[in-house]
Structures are given as structure tokens and as C-alpha cells.
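Student: I've just opened this one and I'd like to know how the descriptions of it are justified. Can we go through them together?
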2 protein chains.
Amino acid sequence: MKNRLKVLRAERDWTQADLADKLEVSRQTINAIEKGKYDPSLPLAFKVARLFEMPIEAIFEDETEVEVS
Amino acid sequence: MKNRLKVLRAERDWTQADLADKLEVSRQTINAIEKGKYDPSLPLAFKVARLFEMPIEAIFEDETEVEVS
DNA sequence: CTACGATGTAAAGTAAGCTTGACTTAAAGT
DNA sequence: ACTTTAAGTCAAGCTTACTTTACATCGTAG
């Protein structure tokens, strides 16, 4: 799952620690999500969307393959 | 996290097992999500949204409390 | 050169998401 | 009565999300 966290952060001049604070998670969690180590939980994704005031789909991009049938 | 899965399913006359098959998860997972036992992962939420062709926010409703500051 | 802030990464632990298998209950059909 | 189907639930086990602590790297400012 790709995401635009790094860019959205840069636009606001926030560090990973800043964002982590605002979302109430650890700095390592932000780092891991940005680096694609894992995806956020749905509740965290909602929190991110609310913080940046945009839909989840505008921040996270699904890459799940479509069934070949 | 509330969700409209049961209604969306009913509109299409799908059983929990039907939906589970389409989403490639177990029937128990659908049941647990519908009953609010836990939230789906973000990838699964995307899959649900894609299946029903609507934004995640139109299916799942966040209830996380807003910070009192 | 040293110090500092931001980022990256790792290990170990807990919690949440999901699986399979099994069993129960209720509704509906025969 | 018996069978079938949908829904609900539980237990054990695995994987993923997240935590804390700790340390390494890099750029920049003094």
C-alpha cells in the first residue's frame, strides 16, 4: 500500500515525530508506514484522513491485485 | 467502528459466506466485522470499498474521539 | 570537530486481525 | 420429524500492527 504521508508532511513542514504526536502513535510507527513496512490499521487511517482533511483514498493507494477470475 | 456491511449485503441478497468469498476472507471474519468484534485491516477495507464501488468512508464510520486538547 | 535534530532500523513484547475446525441456534422447506 | 442454510460463537494458532528502548547514520549549524 503506497501512501502520500511524506509529501503531506513536507507540505506542512512536519517531522515524523510531529505527525506521530498528532496521531498519538510512536515515531517508529510513522516511519514504518512511510517506508512501507506495514499498513496502518483502519482506525489510524481514519485519523490520518481527518488530520489532513481528505478522504482515505486520497492518502493511501491500494495495490491489491484484481482477481483473474 | 460502525459499518454498513449487513445492509449492503442485504441490498444484494448476499450471505456472509458470499461476501467472504468475494473478499477472499473467512466467513467468521465477515461475521466478526459485522458484529463489531474488530475492525478490518486497511487493505480489507479497500477491498470492500472496491467491491461495493463506494468510498471507504461511505461504508465504515469512524467513532474515534476527538482530542480535548 | 562536536553537537544536535531528523531519520532509519532492530529486538522483544503486547494487542489486533484473520485462519481453520467445530459446535449451536433459529428459520424455512419437505 | 428431519434436513438444510444462515448466522453466531469459541478455541487455538499464526501474522500483522504497534509499543518501548536502544543504537546508527546523515546533514547542518556552531
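Tutor: Sure, let's begin at the rotation axis: of the residues of chain B, Leu42(B) comes closest to it, at 2.4 Å (C-alpha). Before we go on, this is a predicted model, where local features need pLDDT of at least 70, side-chain atom pairs count only at pLDDT 80 or more, and totals for chains, interfaces and linings use all residues. Residues are numbered from 1 along each chain as its sequence is written, chains are lettered from A and ligands numbered from 1 in the order in which they are written, and side-chain values use heavy atoms, with hydrogens and water left out.

Student: How do you know that there is a rotation relating chain B to chain A?
Tutor: You superpose the copies by least squares on the C-alpha atoms of residues with pLDDT of at least 70 in both. Chain B then lands on chain A with an RMSD of 0.0 Å, after a turn of 180 degrees and 0.0 Å of shift along the axis. The two copies are therefore related as by a two-fold rotation axis. Both copies also use the same surface: 100% of the contact residues of chain B (contact meaning heavy atoms within 4.5 Å) recur in chain A.

Student: What makes up the secondary structure of chain A?
Tutor: Four helices and two strands, in the order β-α-α-α-α-β from the N terminus. Helices (H or I, at least four residues) and strands (E, at least two) are DSSP runs, numbered from the N terminus.

Student: Which residues come nearest to DNA strand D?
Tutor: Ser26(A), Gln28(A), Thr29(A), Tyr38(A) and Gln16(B), out of 19 around that strand. A residue is near a strand if one of its heavy atoms lies within 4 Å of it. Sugar and phosphate account for 63% of the atoms of DNA strand D that come within 4 Å of the protein.

Student: Which helix gives the most to that surface near DNA strand D?
Tutor: H3(A), with four residues. Helix H3 (27–34) of chain A and helix H3 (27–34) of chain B each supply at least two.

Student: Why is the pair between Gln28(A) and DNA strand D called a polar contact?
Tutor: A polar contact is a pair of N or O atoms within 3.5 Å; within protein, one must be able to donate a hydrogen and the other to accept it, and residues adjacent in sequence count only if both atoms are side-chain atoms. A polar side-chain atom of Gln28(A) lies 2.7 Å from a base oxygen of DNA strand D, so the pair qualifies. Phosphate oxygens of that strand take part too: one is 2.8 Å from a side-chain N or O atom of Ser41(A), and one is 3.4 Å from a polar backbone atom of Asp39(A).

Student: What about DNA strand C?
Tutor: Gln28(B) has a polar side-chain atom 2.8 Å from a base oxygen there. For phosphate oxygens of DNA strand C, the distance is 2.6 Å to a polar side-chain atom of Ser41(B) and 3.2 Å to a polar backbone atom of Asp39(B).

Student: Why is Lys22(A) said to sit over the ring of Trp14(A)?
Tutor: The rule asks for NZ of Lys or CZ of Arg within 6 Å of the ring centre and within 35 degrees of the ring normal. The charged end of Lys22(A) is 4.4 Å from the centre of the Trp14(A) ring, so the distance fits, and the pair is listed as sitting over the ring. In chain B, Lys22(B) sits over Trp14(B), also with 4.4 Å to the ring centre.
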